[in-house]
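This briefing covers the overall form of one protein chain, its charged side chains and one helix residue. The sequence and coordinates come next, and the notes follow by topic.

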Amino acid sequence: MMPTKPFTVIVPARLPSTRLPNKPLADIAGTPMLIRVLQQAVAANAEHVVAAVAEQTLADAVTAAGFNAVLTGEHDSGSSRVAAAAETLALADDHIVVNVQGDEPFIEPELINAVAQLAANSTAHCATAARPLTHDDDYHNPAVVKVVGDSNNNATYFSRAAIPHQRSGGVPALARVHLGIYAYRVGALQHFMHLPASPTEKIEQLEQLRILWHGGSIALLEYPSKSFGIDTAEDLARACQHATTLAANTP
């Protein structure tokens, strides 16, 4: 189903990374990671797709590949970078903007459309997505962000810890992996980015917790995504193998 309102995809990216230096330009079977993300994004139904980047090097790489880039300078979070780009682009307060993480090279265009539509149709301040844990996920791994939702499909908490915790042991059926995508009306995004970072956000290093701390709501979509983020050299090797397999199976 097509989104009910036009939307813009903004992909935030910066070169520094403690675990994977120059991560946005990491080669995945011949294509830089950030370019792969942008290729996935333009296959969605967005009006515009823009990379919001901190460095001229990234801007040059993006434009050389035929995509649009906005230089934002330094920011303390991806959401703040997206907000700065939305301001540069002069997007209206009620315009839907989708924040696609710059390290999700296999994100599905259909997921982008679905989260954009959820944001357009919901009264929540933000929309995001999650999927059930699979055998490939480590429930106790802090790199795997978990989310708990309520009966109205709104997120109640995000954590790097194993939530919800099952006292009898094992992985509860309600456990969900958070997917790296957010959609918001520009006005709501700007509002929350001007509020102070929350204690939970600082503890968990999860920027979406600022919205919940300050009384905002986050609509949660369950989507069977097969995408995965790239944080380490091991993730990058997995991505290269996955891209090679996809290319071999494409007619």
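The mean positions of the 16 positive and 24 negative charges of the protein chain are 5 Å apart. The model is predicted. Salt bridges in the protein chain number five, and three residues, Lys23, Asp103 and Asp231, are linked in a network of them.

**Overall form**

- The protein chain holds eight helices and 11 strands. Its radius of gyration is 17 Å, close to the 18 Å that the globule rule gives for 251 residues, so the chain is as compact as a globular protein of that length.
- Along the principal axes, the C-alpha atoms occupy a box of roughly 55 × 40 × 35 Å.
- Buried residues make up 52% of the 251 in the protein chain.
- Among contacts in the protein chain with a separation of 6 or more, 70% join residues 24 or more positions apart.
- The exposed area of the protein chain is about 11800 Å², and 53% of this area is supplied by carbon and sulfur atoms.

**Salt bridge between Arg14 and Glu74**

- Side chains of opposite charge can pair when their charged atoms come close.
- One such pair is Arg14 and Glu74, whose side chains form a salt bridge with an N to O distance of 4.0 Å. The two residues sit in distant parts of the chain, 60 residues apart. Arg14 belongs to the loop between strand 1 (7-13) and strand 2 (27-28), while Glu74 belongs to the loop between strand 5 (68-71) and helix 3 (78-88).
- Arg14 is partly exposed, at a relative accessible area of 37%, and Glu74 is exposed, at 56%.

**Network around Lys23**

- Which residues are linked with Lys23 in a network of salt bridges? They are Asp103 and Asp231.
- The side chains of Lys23 and Asp103 meet at 3.1 Å, N to O. Lys23 lies in the loop between strand 1 and strand 2, and Asp103 in the loop between strand 6 (96-100) and helix 4 (109-121), so this salt bridge ties together parts that are 80 residues apart in sequence.
- In the salt bridge of Lys23 with Asp231, the closest N and O atoms are 3.3 Å apart. Asp231 is placed in the loop between strand 11 (218-222) and helix 8 (233-248), so its pairing with Lys23 ties together parts that are 208 residues apart in sequence.
- Is Lys23 buried or exposed? Lys23 has a relative accessible area of 14%, which is under the 20% limit, so Lys23 counts as buried.
- Asp103 is buried too, with a relative accessible area of 15%. Asp231, with 22% relative accessibility, counts as partly exposed.

**Thr200 and its contacts**

- Thr200 is part of helix 6, which spans residues 199-204.
- The relative accessible area of Thr200 is 18%, and the residue is buried.
- Leaving aside residues up to four places away in sequence, Thr200 touches Tyr157, Gln205, Leu209 and Trp213.

Conventions
Residues are numbered from 1 along each chain as its sequence is written. Side-chain values use heavy atoms; hydrogens and water are left out. Helices (H or I, at least four residues) and strands (E, at least two) are DSSP runs, numbered from the N terminus. The radius of gyration is taken over C-alpha atoms; the globule rule is 2.2 Å times the number of residues to the power 0.38. Buried means under 20% relative accessible area, exposed over 50%, partly exposed in between (1.4 Å probe, protein chains only). Contact means heavy atoms within 4.5 Å. Accessible areas come from the Shrake-Rupley method with a 1.4 Å probe; for residues, only the protein chains shown count as cover. Lys and Arg count as positive and Asp and Glu as negative; His and the chain ends are not counted. The place of a charge is taken as NZ of Lys, CZ of Arg, CG of Asp or CD of Glu.
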